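Colleague: Please give me a close look at a single part of this model, namely the packing around its sheet. A connected account would serve me better than a list.

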Amino acid sequence: IVRKREGRLEARLGKETVQGLEVLEGDVTTTLCGLSESQISGLKDVQAFIHCAGMTQFETHLEQELNRQNVTGTKNAYALAEKLAARHFHHVSTAFIAGNGDQSFKNPYEKSKFEAEAFLKKKSGGKIINFIYRPSIVVGGRVFGENGSAGTLYAYLKALRFIRECFQKDARSQKKLSSKYGAIHKDGVWEVPLRVEGTPDVAIN
């Protein structure tokens, strides 16, 4: 079940792989992920339901949307798994589920994933066996190491990305403003002197 993105699935997985799949368009924020009764009845003998849809952004102003996708989305996905009589439900959570260690959280993303896990914990002991996976942050694709979006990066990585783009733009314009900051560009690599300030009371990272 995927969102409607023409050609993107084939580009990622390859044409031969996609031809061997039954791809359904859906949305975890809607009841039963937006599948019709006829689509659901056509899915037989479902062994496992893998739920890896969700929103991975950390900004406070996105809290409502994070809850809609990560908490409500998990509930809708689980309801669909129950409807399909799936034997196993595999849920991709996050390594940062513990927050600050006292059930307070650094951002609404962590909180939303915690609440999704809390829902699944209440469902444990039922007909479906639940599995929860807690990966850390993955930056970049497995082939080229590139990331198509900075949305899932923490602030300091976003800052580094912004600095790189500024220097690259300067290089293209040939204004050479970057040299004022001691930046050196050689063989496609930028060497930039940076000073990172911290506070003595910071205990983690």
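Modeller: Contact here means that heavy atoms lie within 4.5 Å of each other. With that meaning, among contacts in the chain between residues at least 6 apart in sequence, 60% join residues at least 24 apart. The model is a predicted one. Its chain has 205 residues, of which 26% are buried. It contains 6 helices and 5 strands, which follow one another from the N terminus as α-α-α-β-α-β-α-β-α-β-β.

The sheet itself comes first. It is open and consists of 3 strands in the order 1-2-3, with parallel pairing. At its edges are strand 1 (48-51) and strand 3 (129-133), each of which pairs on one side only. From one strand to the next, the twist averages 15°. In general, the strands of a sheet pair through backbone hydrogen bonds, in either a parallel or an antiparallel sense. Strand 1 and strand 2 (residues 88-92) pair in the parallel sense, over 4 bridges. In this pairing, His51 has His91 of strand 2 as its bridge partner. The side chains of strand 1 alternate along its length: Phe49 and His51 point to one face and are buried, while Ala48 and Ile50 point to the other face and are not buried.

Two helices lie across strands of this sheet. Helix 4 (residues 63-83) lies across strand 1, strand 2 and strand 3, and runs at about 170° to strand 1. Helix 5 (residues 108-123) lies across strand 2 and strand 3, at about 165° to strand 2. The two helices also pack against each other, at an angle of about 25° and with their axes 8 Å apart. Helix 4 is therefore roughly parallel to helix 5. The crossing in which helix 4 passes helix 5 is right-handed. On the side of helix 4, the residues that meet helix 5 include Leu66, Asn70, Thr74, Tyr78 and Glu82. Those of helix 5 that take part include Tyr109, Ser112, Ala116, Leu120 and Lys123.

The packing can next be followed through the nonpolar cores. The largest nonpolar core has 18 residues, and Ile40, Phe49, Tyr78, Leu80, Ala81, Leu84 and Phe89 are those with the most contacts inside it. The elements that give two or more residues to this core are helix 4 and helix 5. Helix 4 gives the most to it, with 4 residues. A second, separate core of 5 residues includes Met55, Phe58, Leu66 and Tyr109.

One residue from each core shows the packing in detail. Leaving aside neighbours within four places in sequence, Phe89 is in contact with Phe49 and His51, the two buried side chains that point to one face of strand 1. Its other contacts include Thr74, Ala77, Tyr78 and Ala81, as well as Leu120, Ile129 and Phe131. In the second core, Leu66 is found in helix 4. Leu66 counts as buried because its relative accessible area is 0%. With neighbours within four places again left aside, Leu66 is in contact with Met55, Gln57, Glu59, Val71, Pro108, Tyr109 and Ser112. The C-alpha atoms of Leu66 and Tyr109 are separated by 6.3 Å, although these residues are 43 apart along the chain.

Two loop residues complete the account. Most residues other than glycine have a negative phi. Cys33 has a positive value, near 60°, and Asp45 also has a positive one, near 50°. Cys33 is in the loop between helix 2 (15-19) and helix 3 (37-41), whereas Asp45 lies in the loop between helix 3 and strand 1. Their surroundings are described by opposite terms: Cys33 counts as buried because its relative accessibility is 2%, while Asp45 is exposed, with a relative accessible area of 62%.

Technical notes. Residues are numbered from 1 along each chain as its sequence is written. This is a predicted model: local features need pLDDT of at least 70, side-chain atom pairs count only at pLDDT 80 or more; totals for chains, interfaces and linings use all residues. Side-chain values use heavy atoms; hydrogens and water are left out. Two strands pair if DSSP finds at least two bridges between them. Axes are lines fitted to C-alpha atoms, for helices over the stretch in contact, and angles run from 0 to 180 degrees between N-to-C directions. A nonpolar core is a set of buried Ala, Val, Leu, Ile, Met, Phe, Trp, Tyr and Cys residues joined through side-chain atoms within 4.5 Å. Buried means under 20% relative accessible area, exposed over 50%, partly exposed in between (1.4 Å probe, protein chains only). Angles under 35 degrees count as roughly parallel, over 145 as roughly antiparallel, 65 to 115 as roughly perpendicular and the rest as oblique. A crossing is left-handed if the near helix is turned anticlockwise from the far one by less than a right angle, and right-handed if clockwise.
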